[in-house]
Amino acid sequence: MSAPLVDIRDVSHRFGQHAALKNVSLAIEPGSYTILLGPSGSGKTTLLSILGGFVSPSEGKVFIRGEDCTSVPPAKRPTTTVFQDYALFPHMSVGGNVGFGLRMRGVDGTSRAARAREALALVGLAAAFDKKPHQLSGGQRQRVALARALVVEPAVLLLDEPLGALDLKLRRQMQDELKAIQKRVGTAFIHVTHDQEEAMALADHCVVMNDGRIEDEGPPERVYARPATRFSATFMGESTILAGKVTEVANGIITIATQAGPVSLPGTLRAGTAVALAIRPEHLVFGATAGTVALGGAKVNDVVFQGSFKRVLAMSTKDPALHFIAKASAAATVQAGDTVAVSCNAGDIILLAD
Ligand code: ADP
Ligand code: MG
């Protein structure tokens, strides 16, 4: 593997008494699209601000292209930031806005205009050069902000909830565009969001943050299929969580006593170990006893039609504290009030580390 483009080493940050980041280490590969995913207050913006040079960490170091950038001011590092509110200059033309960073770097007017036009073409706004920001839609203004950040050819582009101000449909459309633009320019993007769908759609590398720590990181497919922690299993997509304790260990198979009955899985944990199991909604089977692991009966509380599928919420008849979340086909006849048998396949059960 090549040397990481960005190397965050043991970074902690406090605002007064409040620890916003707790010993975060993270490596970013060249050309990758990294998503920092987490709930509000988990430290995403703080980490991005440390990368951009707007905040100096209380502890730890940040290396970019092998160089210690921890105390280098924003304008002197190979990063640019796109903020949620775009922060375009209203009195300046779109071309002027995009060329602004180049002007600050002493690039002459002719080259500036040429490079601004090129950057605008890259984001599909070649015709907007002479317009003013107020003549553009929200999505177009966001693209101008992107062009302005890319025109200076940063090694790393930082984006803080860049699609947060857009309505849902435009947001999904801009996601596809962002990904296409990132692949075209090959610049590493580090993008903050609390939206797990956005994370799955965009990330090559997904970093799940919670309470100032990294809970899980990896390709989104891996984080979804095999989340490392209970938080990751419930924040990146939904899961039914079963709490249990290992009761038996034999020949590489562990038996876990859970709220829904005994569950046997391949594993090597010791008897007495407390564990949590996660099951994704698409892996729970309601009705027919199709799965190899029986999870008892459940009373259906709610069936929500979502277009291509139905989201089914049910409560275990063995333990009312156990809530099942399942995904059924759009044609499924299950209704609120039904009592159903619940099962799944052993291979789909995720054994969580915590
Ligand atoms: P996120 O972007 O994930 O929502 P932030 O990085 O903005 O989270 O904030 C992490 C924590 O640090 C929050 O509890 C927040 O209230 C606190 N925080 C952020 N910025 C400041 C600041 N300038 N002063 C004091 N506390 C802050
Ligand atoms: Mg934030």
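1. Helices (H or I, at least four residues) and strands (E, at least two) are DSSP runs, numbered from the N terminus. The expected span of a helix is 1.5 Å times one less than its number of residues. This is a predicted model: local features need pLDDT of at least 70, side-chain atom pairs count only at pLDDT 80 or more, and totals for chains, interfaces and linings use all residues. Residues are numbered from 1 along each chain as its sequence is written, chains are lettered from A and ligands numbered from 1 in the order in which they are written, and side-chain values use heavy atoms, with hydrogens and water left out.

2. Overall layout. The protein chain has eight helices and 20 strands. Its C-alpha trace spans about 75 × 45 × 40 Å along the principal axes. Of its 354 residues, 48% count as buried (under 20% relative accessible area; exposed is over 50%, partly exposed in between; 1.4 Å probe, protein chains only). Take contacts (heavy atoms within 4.5 Å) between residues at least 6 apart in sequence: 64% of them join residues at least 24 apart.

3. Helix α4. This helix covers residues 138-150, 13 in number. From first C-alpha to last it reaches 18 Å, close to the 18 Å expected. It is mostly covered, with 10 of its 13 residues buried. Among them are Gly139, Gln142, Arg143 and Arg148. The buried residues pack against three helices and three strands by name: α2 (94-104), α3 (109-122) and α5 (168-185), plus β6 (79-82), β7 (156-160) and β8 (188-193).

4. Around α4. Gly101 is found in helix α2. Gly101 counts as buried because its relative accessibility is 13%. Gly101 and Val151 lie 50 residues apart in sequence, yet their C-alpha atoms are 7.8 Å apart. Glu153 sits in the loop between α4 and β7. Its relative accessible area is 62%, so Glu153 is exposed.

5. Backbone points to check by eye. Phi of Glu153 is near 50°, a positive value in a residue other than glycine. Asp10 also has a positive phi, about 50°, and is not a glycine. Asp10 is found in strand β1 (residues 6-15). Asp10 is partly exposed, because its relative accessible area is 44%.

6. Helix α1. Residues 44-52 form this helix, and eight of its nine residues are buried. The buried set includes Lys44, Thr46 and Ser49. Just after α1, Gly53 takes a positive phi of about 90°.

7. Two domains. The domain assignment gives domain 1 (6-235) and domain 2 (240-353); such bounds come from an automatic or database domain assignment. The contact takes 11 residues from domain 1 and 12 residues from domain 2. The domain centres, taken over C-alpha atoms, are 38 Å apart.

8. What does the interface bury? The area buried between domain 1 and domain 2 is about 830 Å², and carbon and sulfur atoms give 50% of it. Buried area is the accessible area (1.4 Å probe) that two parts lose on being put together, summed over both. Tyr224, Arg226 and Arg230 supply 58% of the area that domain 1 buries against domain 2, more than any other three residues.

9. Polar links between the domains. The rule finds zero salt bridges across this interface (side-chain nitrogen of Lys or Arg within 4 Å of a carboxyl oxygen of Asp or Glu). On the domain 1 side, α7 (220-225) and α8 (230-235) each supply at least two residues that touch domain 2. The largest share, four residues, comes from α8.
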